[in-house]
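Me: Can we walk through this fold together, strand by strand and contact by contact? I'd like short answers that I can check against the model.

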Amino acid sequence: MSSLLRLLLTKSEAPGTRNITRDTVALALDDGSEVEVVRVRDPRARRLRLSVDERGARLTLPPRASAVSGTRFLEQHRDWLAAQLRAHAIDDLVMPLERGVTPALPLRGVMQPLRWETGRFACVVRDDHGLVFRHTGRGGDAALRRALRDFYEGEARADIGAWLPRYLPTLPRAPARIRLKAMSSQWGSLAPDGTLALDLSLVLGRPSAFEYVLVHELCHLLHADHSLAFWAQVEARFPQWRDERDWFRIHGRRLKAMLRQLSGPTA
């Protein structure tokens, strides 16, 4: 059971909700993916309740419900939750990657015009007019998707390399390594060994949102929780973090859907 769920966030409070506590647990689904569920302990709640909307999954617990009963409730409703998440999925926001047809690709919040050319191997490059997708004409879709993922990862690492130096002097240490991958629900994480993972789809959205996620995870080098002390560190380094958090609430699912459509589920 503990392998299915892990505590990710600690208590956070807002004015007028002093007795409401929130944290986040990750539930492993049968297809091998993981989904974050916001767990809310609300003194006004009278029963366990699981809901899904455009913001994601939410589990509400009444005051006397134990964490174990909440975990059991999630596991009992795993199939229902997976079905609801599929129903809320966004799969038709952008056209899929199609050789010689796709006219533009998202990058840093802008749809970049795309030209298709034949070449010795599949790759995506930038020029003065936008992006160029070179392909052999013989490789399958998998080769195109790999080339696109490689391009996006290179662009993301370039952004991280530009931002990181301004924050490292105020941190106790640098991340041990940085990984970029498709994440089903999270935008980033910091492992106990110092590995910083970031969602590859971040490079598709506006750069300020990407930078906020980087700063957020770097501040976990100072505080592993989401305490007031942690948020004070985020505030000191990135005062506009609330604007970016709100941006993710509106555009986040679209961002993940675009990466999934363009580069496949194994990005």
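**Sheets, salt bridges and a covered helix**

Me: How many bridges join S9 to strand S11, and how do the two run?
Reply: S11 covers residues 195–199, and Arg 177 stands opposite Thr 195 in S11. Strands here are DSSP runs (E, at least two residues; helices are H or I runs of at least four), numbered from the N terminus, and two strands pair if DSSP finds at least two bridges between them. S9 and S11 run parallel, and the number of bridges joining them is five.

Me: Before going on, what kind of model is this?
Reply: Residues are numbered from 1 along each chain as its sequence is written, and side-chain values use heavy atoms, with hydrogens and water left out. Local features need pLDDT of at least 70, side-chain atom pairs count only at pLDDT 80 or more, and totals for chains, interfaces and linings use all residues, since the model is predicted.

Me: In the sheet with S9, S11 and S10, which strands stand at the edges?
Reply: The three strands form an open sheet with mixed pairing, in the order S9-S11-S10. Two of them have a single partner strand each, so one side of each is left without a neighbour in the sheet. Those edge strands are S9 (177–181) and S10 (188–190).

Me: What angle does the direction of helix H4 make with that of S11?
Reply: H4 (residues 207–218) packs on the sheet, touching S10 and S11; contact means heavy atoms within 4.5 Å. Axes are lines fitted to C-alpha atoms, for helices over the stretch in contact, and angles run from 0 to 180 degrees between N-to-C directions. The angle between H4 and S11 is about 155°.

Me: How many residues of H4 are buried?
Reply: Buried means under 20% relative accessible area, exposed over 50%, and partly exposed in between (1.4 Å probe, protein chains only). Among the buried ones are Phe 210, Tyr 212 and Leu 214, and the cover includes H3, S10, S11, helix H5 (228–237) and H6. H4 is mostly covered, and the buried count out of its twelve residues is ten.

Me: And how far does H4 reach from its first C-alpha to its last?
Reply: The expected span of a helix is 1.5 Å times one less than its number of residues. For the twelve residues of H4 that gives 16 Å, and the model comes close to it, at 17 Å.

Me: Now the four-strand sheet: in what order do its strands lie?
Reply: S5 (residues 104–107) pairs with S6 (residues 110–118) in the antiparallel sense over four bridges. S6 in turn pairs with S8 (residues 130–135) in the parallel sense over five bridges, and five bridges also join S7 to S8, running antiparallel. The sheet is open and its pairing mixed, with the order S5-S6-S8-S7.

Me: Which residue in the S5–S6 turn has a positive phi?
Reply: S5 and S6 form a hairpin with two residues between them. Just before the turn, in the paired stretch, Leu 105 stands opposite Gln 112 in S6. The turn residue with a positive phi, about 55°, is Arg 108.

Me: What is the salt-bridge partner of Arg 108 in helix H3?
Reply: A salt bridge is a side-chain nitrogen of Lys or Arg within 4 Å of a carboxyl oxygen of Asp or Glu. Here the closest N and O atoms are 2.8 Å apart, and the pair links distant parts of the chain, 47 residues apart, reaching from the loop between S5 and S6 to H3 (residues 141–167). The partner is buried, with a relative accessible area of 12%. Its name is Glu 155.

Me: Is Glu 244, the partner of Arg 206, buried or exposed?Reply: The closest N and O atoms of Arg 206 and Glu 244 are 3.0 Å apart. Arg 206 lies in the loop between S11 and H4, while Glu 244 sits in helix H6 (residues 241–263), 38 residues apart. Arg 206 counts as partly exposed at 29% relative accessibility. Glu 244, at 4%, is buried.

Me: How many salt bridges does the count come to?
Reply: Another pair is Asp 127 with Arg 115, the closest N and O atoms being 2.9 Å apart. Arg 108, Arg 126, Glu 155 and Asp 159 are linked in a network of salt bridges. The count comes to 16.
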